[in-house]
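Colleague: I would like a close look at one part of this model, taken slowly and with its surroundings. Please begin with a single residue and work outward from there.

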Amino acid sequence: MRIACAALALLLPAFPALAQNVKITPIGSHSGELCANDRAIIFEDPTGVRFLYDAAQNVTGGNDPRLGTIHLVLLSHMHGDHVGDLKLKAPGEGTCANSARVPAPNSTTAEVVAEKNAVLVTTRAMAGFIHNKVGAIRGSGGKPMDFCSTLAVTVPVPAACSSRIDLGGIFTAQAEGARQGVEFTNVYSEHVNDVAPSLLSKARQDLLKADGAQLGYGPPIGFVVKFTNGLVAYLSSDTAVFGDMKLVISDFHKANLAVINLGPNPGLFQSGAYAINDLLKPASVIFTHVNEAATEGGKLKANTQTAALMKQIKPPAHLAISERTMEFDGKGKCVSGC
Ligand SMILES: [Zn+2]
Ligand SMILES: [Zn+2]
């Protein structure tokens, strides 16, 4: 009897967790594929909090029908392929290696924030830039976008605002009636943060060009997101391998899912196996930002850099296939859609 009771006590808390999964839906250029320019991913907490991680060049604008409800927009850095200096002409147009895109002079990030009245989670330096762009979209007369009045908000917020945090800062977003919020921490990224020149004023572009210079907006960032079901996702953004992937991301934050940007520039095709197997040690991995047409018919192409890295990864690794929803439990295990 005592044994039966103990077994029941163990089972009960685990049972409701079965339905409590985090839904993760990449939105890229070609439905059902992982393409060269794909970066944007939508996350949905079991309490209903929904956010977009890097609007990138993957949306047709703030009104892209694939977005649905968006409470928050995360911005990792100011490179055009993240802040979004171009927008998708239409899903499926162009090739998987080079999707058809058109200019987005106010950035796709600002377009989504303005359209959804969303919270922008980023650093204060990058927030200032987006505040102005949202102002440009809305025109004069309206109240300028500003920082949210607190570091914990209930979503949806009454008016678009941004997190007043820098590296290490924590921002919390809670759904109405939920007992717990989703927690966002800005974390280190070993990268640069130069803005896409086409998003600057003509006068500034000319000045920079005269000196062969780039304009940086403070440090770029990654994110650690703590969901209400226990899932702790590390969103790497563009980064080289760095030692604090172990000391801070793994040991301190205890990330159990790593969403990793690949691509040639920060060298993760070469260092990714060490970063994941030895430093981060997550329960699962999602790969995106591959800068190559990684799949065809939804299947990983054998002769790709992504395929070569996948073979070296110890935890289950999943591709961020556009418009395919994956579900993760609190322990970082994919339980559906992978
Ligand atoms: Zn970058
Ligand atoms: Zn990038």
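**A bridging aspartate and its surroundings**

Modeller: In this predicted model, Asp 238 counts as buried because its relative accessibility is 3%, below the 20% under which a residue is called buried. Asp 238 bridges the zinc ion (ligand 1) and the zinc ion (ligand 2), and these two ions lie 3.5 Å apart. The bridge also links distant parts of the chain, since His 79 sits in the loop between strand 4 (72-74) and helix 2 (80-84), whereas Asp 238 sits in the loop between strand 14 and helix 6, 159 residues apart. His 79, for its part, is buried, with a relative accessible area of 18%.

Taking the zinc ion (ligand 1) by itself, its coordination comes from His 77 through NE2, His 79 through ND1, His 191 through NE2 and Asp 238 through OD, at 2.1 to 2.4 Å. The spacing of these donor residues along the sequence is H-x1-H-x111-H-x46-D. The angles subtended by the 4 donor atoms run from 95 to 160°, which makes the arrangement around the zinc ion (ligand 1) irregular; a tetrahedral assignment would need all angles to lie between 85 and 135 degrees.

The zinc ion (ligand 2) has as its protein donors Asp 81 (OD), His 82 (NE2), Asp 238 (OD) and His 289 (NE2), lying 2.1 to 2.3 Å from the ion. Here too the site is irregular, with angles of 92 to 165° among the 4 donor atoms, and the donors follow the spacing D-H-x155-D-x50-H along the chain. Asp 238 lies in the loop between strand 14 and helix 6 and His 289 in the loop between strand 16 and strand 17 (295-296), so this pair ties together parts that are 51 residues apart in sequence. Both Asp 238 and His 289 are buried.

The elements that flank these loops can be followed further, starting with the sheet. Strand 14 and strand 16 belong to an open sheet of 8 strands, with mixed pairing and the order 9-11-12-13-14-15-16-19. At its edges stand strand 9 (152-155) and strand 19 (317-319), each with a single partner strand, so one side of each is left without a neighbour in the sheet. On average, and with direction ignored, neighbouring strands of this sheet are turned by 20° against each other. Strand 16 (residues 284-288) pairs with strand 19 in the parallel sense over 3 bridges, and Phe 287 stands opposite Leu 319 in strand 19. Across strand 14, strand 15 (257-261) and strand 16 lies helix 7, which runs at about 165° to strand 15.

Helix 6, at the other end of the loop that holds Asp 238, spans residues 244-252, and its residues Met 245, Ile 249 and Ser 250 are buried. These three cover an arc of only 85° around the axis, which puts them on the same side of helix 6. An α-helix has 3.6 residues a turn, so residues three or four places apart point the same way. Leu 247 and Phe 252, on the other side of helix 6, are exposed. The cover over the buried residues of helix 6 includes strand 12 (182-188), strand 13 (221-226), strand 14 (232-235) and helix 7 (268-280). After helix 6 comes Lys 254, with a positive phi near 60°.

Methods
Residues numbered from 1 in each chain as written. Chains lettered and ligands numbered in written order. Predicted model: local features only at pLDDT ≥ 70, side-chain atom pairs only at ≥ 80, totals over all residues. Heavy atoms only, no water. Buried < 20%, exposed > 50% of the residue type's maximum accessible area, 1.4 Å probe, protein only. Helix = DSSP H or I, 4+ residues; strand = E, 2+ residues; numbered from the N terminus. Arc of directions from axis to C-beta. Contact = heavy atoms within 4.5 Å. Donors = N, O, S within 2.8 Å, 3.2 Å for Na, K, Ca; no water. Tetrahedral: all angles 85-135°; square planar, octahedral: opposite > 155°, others 65-115°. Pairing = 2+ DSSP bridges. Axes fitted to C-alpha atoms, helices over the stretch in contact; angles between N-to-C directions.
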